[in-house]
Amino acid sequence: MNTIALRPPYDFARSIRFWRRSTGELCEQWADGVYRRVIVFDAKPTVLALHNVGTLEAPAVTVELDERPATVDETARLAPLVRGLLADDSDVLGFYAAVADDPPMAALTERLRGLRPNRSPLWETLCWTICGQQISVAFAYMLKERLVRRYGAGVAVAGRTLYAFPAPAVLAAADPAELAAMQFSANKASFIIGLAQQLEARTLDLEGVASLPTNEAITYLTSFRGIGRWTAEFTLLRGLGRASALPANDAGVRQAITALYGQKLPEPELRVFAQRWDGWGGIVALYLLASLRKDE
DNA sequence: TTCCAGGACGACA
DNA sequence: TGTCGTCATGGA
């Protein structure tokens with residue numbers, strides 16, 4: 001059977017659409033209850049499709065590769081990757097228990113039960129987060145779409161084209177003027193190209209970040225030009241599902257706390273306020289941001 | 001017109 | 001070390 005069982009509770013649809021807020025997204029698609037993304041499988045760009053075949057309390061997905069069912073063997077090989085993408089190791093029950101005495105947050109976890117921090121590849125996440133610095137989400141999506149369409153590799157299957165996010169080697173050689181023509185600011189263009197070049201030169205080790213504690217990972221990432229604390233925390237949350245990475249300076253997080261707790265807090269005070277969620281700040285941010293959605 | 005969006009950098013005191 | 005101006009764009 002090509003089914004992968006997941007840890008409950010898991011709301012597949014809610015968790016997928018949490019990060020998917022644009023129909024123009026080229027690297028991943030969410031349509032008709034199916035999540036698709038390009039992966040490299042057997043050294044070949046392949047469209048991975050995940051179908052929800054479970055429930056909130058008995059979650060499971062089936063796997064397709066290039067629009068055909070994966071074999072039992074392929075499913076077994078893909079299971080670690082799929083579990084990673086779907087944040088299967090995320091201890092949301094531990095989070096729910098930790099905030100049980102915090103009525104507003106407890107009510108939110110009840111309403112959004114099963115929401116987990118689904119992940120995207122770290123390099124793609126870092127670039128996406130830089131795209132999103134200071135501007136509206138809609139405009140950030142447009143920047144990413146232009147970047148991927150220009151530098152990414154398309155994979156067409158069954159009349160549908162998805163793109164692999166451009167590899168560091170490709171962006172390391174990109175012309176800043178081309179990014180400027182796509183309406184990237186001069187800073188954002190130089191941040192992305194510069195980080196790609198440092199990855200190529202191995203002076204930036206993104207894979208090693210996964211093994212660092214959150215605080216050390218933030219310190220490491222923010223030592224590179226273009227990565228401030230917000231970018232580091234957001235990257236850790238979306239790229240690694242890091243439960244303790246709270247982007248306290250995020251406009252949406254601040255807005256949600258104001259709505260939920262009636263307190264309008266600047267970043268330093270918010271970090272003090274957030275100590276009540278020690279170790280769960282990233283998951284808290286996820287639930288806070290989701291609470292702002294009209295469709296949730 | 002001004003302010004604010006899923007900020008970061010560099011100059012300056 | 002902390003503050004401020006600047007970068008980019010679009011919507012309210």
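The domain bounds used here come from an automatic or database domain assignment. With that in mind, let's walk through the two pockets of this predicted model.

**The largest pocket**

At least three lining residues come from each of domain 1 (3-89) and domain 2 (122-240). The largest pocket holds about 990 Å³ of space. Its lining counts 35 residues, and those nearest the centre are Pro121, Leu122, Trp123, Glu124 and Glu207. Among the elements that give two or more residues to this lining are helix 2 (72-85), helix 5 (122-131), helix 9 (186-200) and helix 12 (229-240). Strand 3 provides the largest share, four residues.

**The second largest pocket**

Here about 780 Å³ of space is found. Val137, Trp230, Phe234, Asp250 and Gly252 are the closest to the centre among the 26 lining residues. Two or more residues come from each of helix 1, helix 5, helix 6 (137-151), helix 12 and helix 13 (251-261), and helix 12 gives the most, with five. Because domain 1 (3-89) and domain 2 (122-240) both contribute to its lining, the second largest pocket lies between them.

The table sets out both linings by residue class.

| Pocket | Nonpolar | Polar | Charged |
|---|---|---|---|
| Largest pocket | 24 residues | four residues | seven residues |
| Second largest pocket | twelve residues | nine residues | five residues |

**A look at helix 1**

Helix 1, which helps line the second largest pocket, spans residues 12-19 and is mostly covered, with six of its eight residues buried. Those buried residues are Phe12, Arg14, Ser15, Ile16, Phe18 and Trp19.

Note on methods
Residues are numbered from 1 along each chain as its sequence is written. Chains are lettered from A and ligands numbered from 1 in the order in which they are written. This is a predicted model: local features need pLDDT of at least 70, side-chain atom pairs count only at pLDDT 80 or more; totals for chains, interfaces and linings use all residues. Side-chain values use heavy atoms; hydrogens and water are left out. Buried means under 20% relative accessible area, exposed over 50%, partly exposed in between (1.4 Å probe, protein chains only). On a 1 Å grid over the protein atoms alone, a cavity is a set of points where a 1.4 Å probe fits but cannot get out, and a pocket is an open set with protein on both sides within 12 Å along at least five of seven lines; lining residues have an atom within 4 Å of a point. Grid points are joined across faces, edges and corners, and a volume is the space filled by probe spheres set on the points. Ala, Val, Leu, Ile, Met, Phe, Trp, Tyr, Cys and Pro count as nonpolar, Asp, Glu, Lys and Arg as charged, and the others, Gly among them, as polar.
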